[in-house]
Amino acid sequence: MAHDDRPRAILRTYPNWFYLPAAIVFGVFFIVPTAMAFYFSLTRWTLFSATFIGLDNYVTFLGDPMLMSGLRNTIIYAVMTSGLKVIIALPLAMLLTSNIRVKGLLRSIVFFPVLVSTVAVGITFSMLMQPSVGLINTVLGAIGLPQPDWLGNPGLALYSVALVDVWKGLGIATVIFMAGILSIPQEYFEAARLEGGAWVKFRYVVIPLARNATFTVILLSFIGGLRTFDLIWTMTRGGPGFASDVLTSVIYKEYQAGFYGLSTAGNVVLFILVTVIVYPLMRFFNRMELDT
Amino acid sequence: MRIQKLIRRYWVDVVSLLVIGVVFIVPFVFVLLTASKTRQDAALLTFSWPKEFRLIENLREVMTWGDNRMVRALWNSTLLTLGSVTLIVLFSALVAFVMQRRADRLAAVVGSFMLAGLIIPPAVVPTIFLLQWLGLYKTLVGLIMVEVAYSMPFAILIMRAFMGSIPRELDEAAVIDGASPMRVFFSVILPLLRPAIVTVVVTSSVTIFNDFVGPLYFLPGSENVTAPLTLFSFISQFTSQWNLLFADVVVITIIPLIVFIFFQRQLVSGMMGGAIKG
């Protein structure tokens with residue numbers, strides 16, 4: 001085939017209209033509503049009529065301590081879940097790629113919760129975290145440790161839900177780290193073995209060379225953390241009071257109350273938050289990856 | 001002597017099996033135990049052996065409760081999952097194919113939309129407004145369209161990564177033999193994409209089957225109930241019937257368990273492949 005023919009052959013073999021079905025569905029049901037959100041967030045909106053009120057919804061949002069605590073909780077939740085997932089999943093992935101005999105079984109056990117309904121997980125842990133008869137406090141009491149009210153204490157509820165989130169999502173983080181570790185050339189591990197034990201392997205081989213996996217885990221769990229809803233709604237409904245409200249639960253509450261404009265403003269705040277945090281993070285990670 | 005050697009050889013295995021087993025399996029044991037109890041026994045909320053085993057009776061009661069509500073929910077969830085996943089696979093494979101092969105400016109634009117779809121949280125109320133306007137609000141078709149739109153970016157990511165391993169020479173050979181683009185796609189590319197398709201089918205069916213937010217906003221009403229939402233109505237309707245609530249949890253956990261047993265190996269390796277290349 002002559003070189004000049006190539007572009008025309010490409011045009012014929014890989015037609016652009018193959019994008020069309022996906023583009024229509026994605027455009028109509030994702031892009032259009034996202035664009036509409038910017039307009040409707042500036043209105044008092046009943047779905048039948050929308051009155052333009054400028055930035056009033058945002059002023060309400062930023063002036064309301066309950067809504068602002070939702071914003072703060074969202075960030076705490078995302079930072080905590082993504083941090084803990086990295087801290088726990090990286091050593092776990094090392095264990096599951098080492099030469100222990102039960103690794104096949106352990107991989108399956110750790111991954112399974114990923115596939116289970118978040119609502120079901122939330123209900124189960126609400127019971128296990130029950131303050132007086134729940135399994136967790138029964139065990140803590142038996143070994144003489146304090147028995148906190150995991151979901152009933154306003155200072156603790158958000159963190160308790162975040163822990164359950166880590167439990168459920170650990171499987172994905174671990175699989176990503178396992179992929180990262182398995183792609184490290186074997187010679188590095190050989191060298192680490194001659195230099196010292198597991199710590200050398202962890203500190204000087206896995207941490208630097210599985211860096212891309214770390215970035216992927218942080219990004220994915222950060223995005224997931226900012227958008228979390230199911231678990232919070234099942235376990236606390238944002239309570240006690242508004243102690244564990246996050247942006248998505250605020251959006252749902254405003255929607256239920258019929259404040260569609262305000263709800264949509266919350267959605268735009270979430271959109272901006274995600275974009276402002278995730279895009280620079282992604283660019284930073286990309287630059288770091290190019291450096292190596 | 002021999003015992004010491006055995007301990008030294010196996011202690012990591014035993015300790016990790018014990019810790020991971022307790023942390024990850026005990027919650028499921030609790031679900032099963034509570035689902036097997038009588039109403040009074042389950043109301044104590046303790047982690048204990050049932051006084052009387054009633055798992056089968058409880059499951060039957062959950063399935064038939066409220067005019068076979070659970071059966072209807074499972075049926076709705078099945079239709080929702082099958083419809084969405086079929087479209088996701090077909091549409092995403094078409095995009096991944098052209099995008100990876102052309103790799104031009106337009107493909108880069110498509111790629112940035114894909115990234116946006118992975119990151120941006122969907123705008124819920126405007127979507128309801130739009131669905132109403134299209135006459136698709138509170139319909140299964142409407143929810144299917146929304147699920148397809150939300151799930152395609154990840155599916156395209158996985159499939160595009162895999163497309164790179166299918167040699168271009170295969171398409172060229174088919175074209176020289178006179179195959180149309182449609183034919184190249186359906187009889188050459190699609191069969192070879194199989195491993196990526198399995199990954200996408202499993203991940204997106206699990207996500208959509210378990211989806212709570214989508215049906216909550218876009219498919220309200222008891223006629224349209226889907227499986228995860230039955231849990232919610234159980235919480236509000238029987239605050240004291242924990243045995244039935246957990247029997248419901250058992251029902252909706254069995255399905256991913258079956259999927260898991262069948263596709264376990266492909267699932268983990270497929271996700272690992274996507275993670276490295278993507």
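# A tour of two chains and their salt bridges

Select B:Asp41 and B:Lys51 to begin, and you will find that their side chains form a salt bridge in which the closest N and O atoms are 3.4 Å apart. B:Asp41 belongs to helix α2 (residues 39-42) of chain B, while B:Lys51 sits in the loop between α2 and α3 (55-102) of that chain, so the pair ties together parts that are ten residues apart in sequence. The two partners can be told apart by their surroundings: B:Asp41 is buried, with a relative accessible area of 3%, whereas B:Lys51 is exposed, with a relative accessible area of 69%. Please keep in mind throughout the tour that this is a predicted model, and that every distance you read here is computed from its atoms.

Next, select B:Asp171 and B:Arg101, whose side chains meet in another salt bridge, at 2.7 Å from N to O. This pair links distant parts of the chain, for B:Asp171 is in helix α7 of chain B and B:Arg101 is in helix α3 of chain B, 70 residues apart. Are these two residues buried or exposed? Both B:Asp171 and B:Arg101 are buried.

Keep B:Arg101 in view and add B:Arg168, which lies in helix α7 (residues 168-176) of chain B. The C-alpha atoms of B:Arg168 and B:Arg101 are separated by 7.8 Å, although the residues are 67 apart along the chain. If you show the backbone atoms as well, you can find the backbone oxygen of B:Arg101 at 2.6 Å from a polar atom of the side chain of B:Arg168. With a relative accessible area of 24%, B:Arg168 counts as partly exposed.

Now step across to the other chain by selecting A:Arg101 together with B:Asp13, whose side chains meet in a salt bridge of 3.7 Å, N to O. Over all chains the count comes to six salt bridges, and this pair crosses between chains, from A:Arg101 in the loop between α4 (65-97) and α5 (103-111) of chain A to B:Asp13 in helix α1 (residues 2-35) of chain B. B:Asp13 is buried, with a relative accessible area of 6%. Between chain A and chain B the count is one salt bridge.

With both chains displayed, look at the interface as a whole, where 82 residues of chain A are in contact with 92 residues of chain B. Together the two chains bury about 8200 Å² between them, and 79% of this area is on carbon and sulfur atoms. Select A:Tyr14, A:Tyr19 and A:Phe29, which supply 10% of the area that chain A buries against chain B, more than any other three residues. The interface also holds eight residue pairs in polar contact, counted where both residues have a pLDDT of 80 or more. Which helix of chain A gives the most to the side that touches chain B? Helix α2 (residues 20-40) of chain A does, with 14 residues. Sorted by class, the side of chain A that touches chain B has 64 nonpolar, twelve polar and six charged residues.

Colour chain A by pLDDT for the next stop. Chain A averages a pLDDT of 87, and 95% of its residues score at least 70. Among the elements of chain A, helix α1 (residues 5-13) has the lowest mean pLDDT, 66, and α2(A) has the highest, 94. Where pLDDT is low, the predicted coordinates should not be read in detail.

Move on to helix α6 (residues 118-128) of chain A, in which eleven of the eleven residues are buried, so it is largely enclosed by the rest of the structure. Among these buried residues are A:Val119, A:Gly122, A:Phe125 and A:Met127. At the start of α6(A), select A:Ser117, a side-chain oxygen of which reaches to within 3.2 Å of the backbone nitrogen of A:Val119.

The last stop is A:Asn137, which has its place in helix α7 (residues 135-142) of chain A. A:Asn137 counts as buried, at 0% relative accessibility. What does A:Asn137 touch, leaving aside its neighbours within four places in sequence? A:Asn137 is in contact with A:Gln130, A:Pro131, A:Gln147, A:Pro148 and A:Trp150. Show the backbone of A:Pro148 to finish, and look for its oxygen, which lies 2.9 Å from a polar atom of the side chain of A:Asn137.

Technical notes. Residues numbered from 1 in each chain as written. Chains lettered and ligands numbered in written order. Heavy atoms only, no water. Contact = heavy atoms within 4.5 Å. Buried area = accessible area lost by both parts, 1.4 Å probe. Salt bridge = Lys/Arg side-chain N within 4 Å of Asp/Glu carboxyl O. Polar contact = N/O pair within 3.5 Å; in protein donor to acceptor, adjacent residues only side chain to side chain. Helix = DSSP H or I, 4+ residues; strand = E, 2+ residues; numbered from the N terminus. Nonpolar A, V, L, I, M, F, W, Y, C, P; charged D, E, K, R; others polar. pLDDT = per-residue confidence, 0-100. Buried < 20%, exposed > 50% of the residue type's maximum accessible area, 1.4 Å probe, protein only.
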